[in-house]
Amino acid sequence: MFNRILLLILLVLSSTASFSQVKEIVERDVRHIKYLPYGQFGSGQWQKEERINARYRKENPAYHEVLALDTAAIPYLIDMISDSTEANIRVPCAAHNLRVGDVAFALLNDIIVIPWHTVTGEDWNSYSCDALPDGGWGYLYYERVKFKNQLKMFFGSQQGRMWLTMFKDKSLDKETKVRMAKRFKSLTNAPLEVASTTGE
C-alpha cells in the first residue's frame with residue numbers, strides 16, 4: 001500500500017516538473033526569437049521567402065524547440081499573448097513593431113491554425129498576410145488581453161477540442177475530417193472556408 005502511494009506521489013511530482021519544464025522552455029525561447037517566418041501573399045519574392053521561412057522553422061533552435069513541443073506548448077503560448085514587451089521584430093502587414101505576445105501567437109498559429117471567426121466572433125473575410133487575416137496583427141496589437149481570453153475560452157470548449165482533434169489526430173482519415181469539419185461549422189457557425197481547412 002505504501003509503495004503504491006509513493007508511486008502515485010512520484011507520478012504527480014514528475015508530471016508537475018514536466019509542465020514546469022515546458023513553461024520554462026516556451027518562455028525562454030519566445031523571448032530569444034528575433035525573426036518571424038511570416039510573409040505576404042503575392043509579393044514578388046513570396047515563393048522564395050516561403051522556402052526560407054520553412055527552413056527557418058526547422059533550423060532556428062528556439063523556434064523549432066517550441067514547435068517540437070506541439071500541443072503541450074499551447075496553454076503557455078496563449079498566456080504569453082498579453083506580454084506587450086517590445087520584441088524588435090517587423091513583419092509585412094503589421095503597422096507596428098511586434099511584441100513578445102505577437103511572437104507567442106505566431107508560434108501558436110504554426111502549431112495549430114487559429115480559426116479567427118470562431119475565436120473572436122468577428123468576420124475575417126480577407127487573407128493576404130500569410131496565415132493571419134488582414135487586420136490580424138492590428139487586432140493582436142490593440143486587443144491582446146481580450147484575444148488571449150478568447151483563445152483560452154475557445155481551447156477550453158468542445159469546439160476547441162474538436163478543432164485540435166481535426167488537425168492533430170493523425171489517425172483520422174479524410175472522410176472523418178470532412179464530417180468533423182461540418183460538425184464544427186454547425187456548432188460554431190464558422191464560415192465554410194475556415195471549417196474546411198482540414199480537407200487537404
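Tutor: A residue counts as buried when its relative accessible area is under 20%, as exposed when that value is over 50%, and as partly exposed in between. The model before us is predicted, and Lys146 makes a suitable first case for this definition.

Student: Why does Lys146 count as partly exposed?

Tutor: The relative accessibility of Lys146 is 39%. Partly exposed residues lie between the limits of 20% and 50%, so Lys146 at 39% belongs to that class. Lys146 has its place in helix H8.

Student: Which residues is Lys146 in contact with, leaving aside its neighbours within four places in sequence?

Tutor: Lys146 is in contact with Glu122 and Tyr139; contact requires heavy atoms within 4.5 Å. A separate value concerns Ile81: the C-alpha atoms of Lys146 and Ile81 are 9.8 Å apart, although 65 residues separate the two in sequence.

Student: Is Phe184 buried or exposed, and how do you know?

Tutor: The relative accessible area of Phe184 is 0%. Buried means under 20%, and therefore Phe184 is buried. Phe184 has its place in helix H10, which covers residues 174-188. Trp163 lies 21 residues from Phe184 along the chain, and their C-alpha atoms are separated by 7.5 Å.

Student: How many of the 200 residues in the protein are buried, as a percentage?

Tutor: Buried residues make up 42% of the 200 residues.

Student: What are the elements of the protein, and how many are helices and strands?

Tutor: The protein has 11 helices and zero strands. Every element in the order from the N terminus is accordingly written α.

Student: Are H5 and H8 roughly parallel or roughly antiparallel, and why?

Tutor: The axes of H5 (residues 100-111) and H8 (residues 144-155) cross at roughly 30° and come within 12 Å. Angles under 35 degrees count as roughly parallel, and H5 and H8 are therefore roughly parallel to each other. The crossing of H5 and H8 is left-handed. From H5, the contact is made by Gly101, Asp102, Phe105 and Leu108; from H8, by Arg144, Phe147 and Leu151. By class, these residues are four nonpolar, one polar and two charged.

Student: What makes H3 and H5 oblique to each other?

Tutor: The axis of H3 (residues 61-69) crosses that of H5 at roughly 50°, and the two come within 9 Å. An angle of this kind is not under 35 degrees, and the roughly perpendicular class runs from 65 to 115. H3 and H5 are therefore oblique. H3 passes H5 in a right-handed crossing. Tyr63, Val66 and Leu67 of H3 make the contact with Ala106, Leu107, Asp110 and Ile111 of H5. Six of the contact residues are nonpolar, none is polar and one is charged.

Student: Which residues have the most contacts inside the largest nonpolar core?

Tutor: They are Leu36, Leu77, Phe105, Leu108, Trp137 and Leu151, in a core of 52 residues. H5 provides the largest share of this core, eight residues. Not counting residues up to four places away in sequence, Leu108 touches Ile74, Leu77, Ile78, Ile81, Ile114 and Leu151.

Student: What share of the contacts with a separation of 6 or more comes from residues 24 or more positions apart?

Tutor: Such residues account for 64% of those contacts in the protein.

Notes
Residues numbered from 1 in each chain as written. Predicted model: local features only at pLDDT ≥ 70, side-chain atom pairs only at ≥ 80, totals over all residues. Heavy atoms only, no water. Axes fitted to C-alpha atoms, helices over the stretch in contact; angles between N-to-C directions. Helix = DSSP H or I, 4+ residues; strand = E, 2+ residues; numbered from the N terminus. Parallel < 35°, antiparallel > 145°, perpendicular 65-115°, else oblique. Left-handed = near helix turned anticlockwise from the far one by under 90°. Nonpolar A, V, L, I, M, F, W, Y, C, P; charged D, E, K, R; others polar. Core = buried A, V, L, I, M, F, W, Y, C linked by side-chain atoms within 4.5 Å. Buried < 20%, exposed > 50% of the residue type's maximum accessible area, 1.4 Å probe, protein only.
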